[in-house]
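Biologist: I'd like to learn how to read a protein model. Could you walk me through one?

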Amino acid sequence: NMLFMQVMESNRMALAHAKDRRSVSAETKAAMDHTHLALQNLNYEQLHFIREIAKADGFETIYQDLPLHSVEEFLQLAPPEWTDPSSVQDEHQLMLNRLRFELAERKRLYQVLVAHRADKETLQAENKALSDELDQIDRDLRDFLKSSVPIQAKLGISPTKDRAMSEKSQFLPPPLFTLYKQFSGYILAHGQSPLRSDNASAAGRRNPRDDGPSGSARDASSKAHGANAIDAAEVARMYQPHALRVIFTITDVASLIFSFLPVLGIVIVTTELASTLDYLPASFLASGLIAGDDGTTSPNPANHFLGGGSFSFDTAAAGGFAFYWAQSIAGLHFPAPSERSASGADTRLLAQDDADGVSGSQSKIPSLKRVVEQMLARHRTLVDINAMLAVLCTSRISLPAAISAPMPQHSVSSLQRSKIDSEQLVFTLTLEVTGRSYTLEITLPAAYPEVRCTFKIVKDHSRQQPQQQQQQQQQKPPSDDLADTQALSHIEQVEAAINEGSPAILATQFADYSPKSYIVCALSRLVYCLAQYGKVKDLDASPDVPYASVLASIGEQ
């Protein structure tokens with residue numbers, strides 16, 4: 001029993017000890033929880049303070065965006081009470097002092113602005129009064145000039161008209177203004193008035209034909225530019241002329257209309273004849289004044305790089321020709337074309353500085369007087385050519401015989417115009433020589449007779465057509481036994497003998513040869529060549545006599 005009692009006592013003691021330990025553990029755990037909760041509160045407060053500090057650091061005020069005087073300017077200009085060392089060392093106080101100084105400066109400057117505005121209004125009122133007075137004087141002067149117009153007409157003077165034209169000239173682009181001054185000087189020097197203004201353009205209105213190239217011209221120009229063609233809108237912009245033009249009228253001859261293309265930077269010339277020629281277009285008058293200057297290419301080398309190098313000048317889209325001589329008298333200096341013709345005749349329109357004996361392009365001075373003289377001579381030549389064409393186109397052509405040989409049997413029809421444009425004329429005719437019939441095509445360039453016309457045998461009615469001969473010739477294998485002339489067909493050799501021969505040959509072969517009779521004399525020489533061609537039996541063989549030497553060989557026989 002005693003043992004059992006001891007066991008029961010030990011058990012009670014163990015239970016009491018466990019209860020005490022649980023009580024102590026609960027108290028310790030409660031204290032720990034309280035401490036952890038206090039720690040969490042402190043961490044939360046720390047994060048809150050960090051956010052508030054960052055917000056305060058990032059807070060922006062209006063003074064930060066204000067354009068203030070720099071610190072150096074502030075220290076130099078501000079009063080001493082705002083620049084003492086204690087204020088300068090304190091950044092906050094320094095900024096406050098700078099703001100106060102900026103406010104004081106702006107108030108002072110505003111008072112200055114108000115005073116200046118008052119002075120400005122006073123001056124504007126005085127200027128308006130003076131301007132009204134000047135306007136009244138202008139109206140009085142205009143009324144006076146209008147009333148003097150009848151007196152000017154009676155005295156044969158035109159200061160009012162000249163003044164109006166001079167006022168319009170100030171709106172001209174520099175090249176056209178240079179032309180205007182050149183023409184005005186020509187009037188003063190020669191005592192005549194070949195210059196007139198383009199009223200439609202000078203008034204600031206475009207002539208309908210000056211509103212850029214037409215649709216067909218733009219399409220043709222785009223095709224002319226190749227695979228990398230410039231789009232139509234860009235072509236229209238390139239060829240858009242300036243709103244004003246200058247018209248130079250040579251009395252009883254023609255009017256030269258000068259336009260300026262700002263994008264291309266070149267001057268364009270169109271021609272209007274005083275009296276039209278039945279067989280020649282007006283554009284032929286300005287062509288041929290300088291050898292090689294046909295006006296069909298842009299004289300400005302920079303234009304060749306437009307459109308990635310695909311630009312090609314189109315006279316139809318431009319509405320005129322870009323002659324080098326026109327650029328020269330307009331004050332535009334571009335590389336000049338060849339100055340001598342194929343015949344060796346000097347056709348330059350540029351006067352040499354003979355006083356200094358200097359030669360070369362740098363010594364040449366553009367002469368408007370020379371241009372007019374050449375234009376008058378060119379007009380007389382065109383009148384003669386027109387009369388010659390009138391005869392050739394209305395009756396059968398009678399050809400002269402060569403000095404050294406009798407004329408072969410032949411018959412020539414009258415000329416028929418098949419194509420006409422500003423750059424060339426194309427005529428066709430039927431030629432019968434020793435029983436053989438041929439269709440010819442004569443191309444008359446705009447610069448004729450400075451540039452010779454060309455002859456082409458379009459069809460040989462008695463044999464195969466020249467085109468078929470050429471195709472067969474190309475299909476044949478080359479032979480080392482053939483002469484060099486056999487590389488071309490007989491028809492091509494005949495054409496080369498006529499087109500490539502010097503006009504001096506015709507002068508030695510025909511008694512009445514002159515540049516005006518070049519067409520009929522060349523046709524006569526063609527008759528002799530075709531007569532020799534008619535004797536050829538085998539087209540693969542060489543002719544007995546080279547076609548270029550036909551007349552010379554006949555004379556020797």
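Modeller: Let's go from the whole chain to strands, cores and a few single residues. This is a predicted model, where local features need pLDDT of at least 70 and side-chain atom pairs count only at pLDDT 80 or more, while totals for chains, interfaces and linings use all residues. Residues are numbered from 1 along each chain as its sequence is written, and side-chain values use heavy atoms, with hydrogens and water left out.

Biologist: How many helices and strands are there in the protein chain?

Modeller: Helices (H or I, at least four residues) and strands (E, at least two) are DSSP runs, numbered from the N terminus. The protein chain has 17 helices and 11 strands. Of its 557 residues, 35% count as buried. Buried means under 20% relative accessible area, exposed means over 50%, and partly exposed is in between (1.4 Å probe, protein chains only).

Biologist: Which strand pairs with strand 9, and in what sense?

Modeller: Two strands pair if DSSP finds at least two bridges between them. Strand 9 (residues 424-433) pairs with strand 10 in the antiparallel sense, over 10 bridges. One example: Leu431 has Tyr438 in strand 10 as its bridge partner. On to the next neighbour: strand 10 and strand 11 (residues 454-460) also run antiparallel, joined by 6 bridges, and Thr439 is partnered by Lys459 in strand 11.

Biologist: Is strand 10 mostly covered or mostly open?

Modeller: Mostly covered: 7 of the 10 residues in strand 10 (residues 436-445) are buried.

Biologist: What links strand 9 to strand 10?

Modeller: Here's the background: most residues other than glycine have a negative phi, and most peptide bonds are trans. Strands 9 and 10 form a hairpin with 2 residues between them. Thr434, in that turn, has a positive phi of about 45° although it is not a glycine. Thr434 counts as partly exposed because its relative accessible area is 40%.

Biologist: And where is the cis peptide bond?

Modeller: Between Tyr448 and Pro449, with omega about 5°. Pro449 sits in the loop between strand 10 and strand 11. Now look at Ile385 in helix 12 (residues 368-394). Ile385 is buried because its relative accessible area is 4%. Leaving aside neighbours within four places in sequence, Ile385 is in contact (heavy atoms within 4.5 Å) with Leu280, Tyr448 and Pro449.

Biologist: Which residues touch the most other members of the largest nonpolar core?

Modeller: In soluble globular proteins, nonpolar side chains tend to be buried together. A nonpolar core is a set of buried Ala, Val, Leu, Ile, Met, Phe, Trp, Tyr and Cys residues joined through side-chain atoms within 4.5 Å. The largest one here has 86 residues, and Phe258, Trp325 and Leu523 touch the most other members. Helix 16 (residues 518-534) supplies the largest share of this core, 13 residues. There's also a second, separate core of 12 residues, including Leu261 and Phe313.

Biologist: Which residues make the nonpolar surface patch?

Modeller: Phe4, Met5 and Met8 make that patch, of about 320 Å². Patches are made of residues with over 30% relative accessible area and no salt bridge (a side-chain nitrogen of Lys or Arg within 4 Å of a carboxyl oxygen of Asp or Glu); like charges are joined within 9 Å and nonpolar side chains (Val, Leu, Ile, Met, Phe, Trp, Tyr) within 5 Å. Accessible areas come from the Shrake-Rupley method with a 1.4 Å probe, and for residues only the protein chains shown count as cover. Phe4 lies in helix 1 (residues 2-58), and Phe4 counts as exposed because its relative accessibility is 55%.
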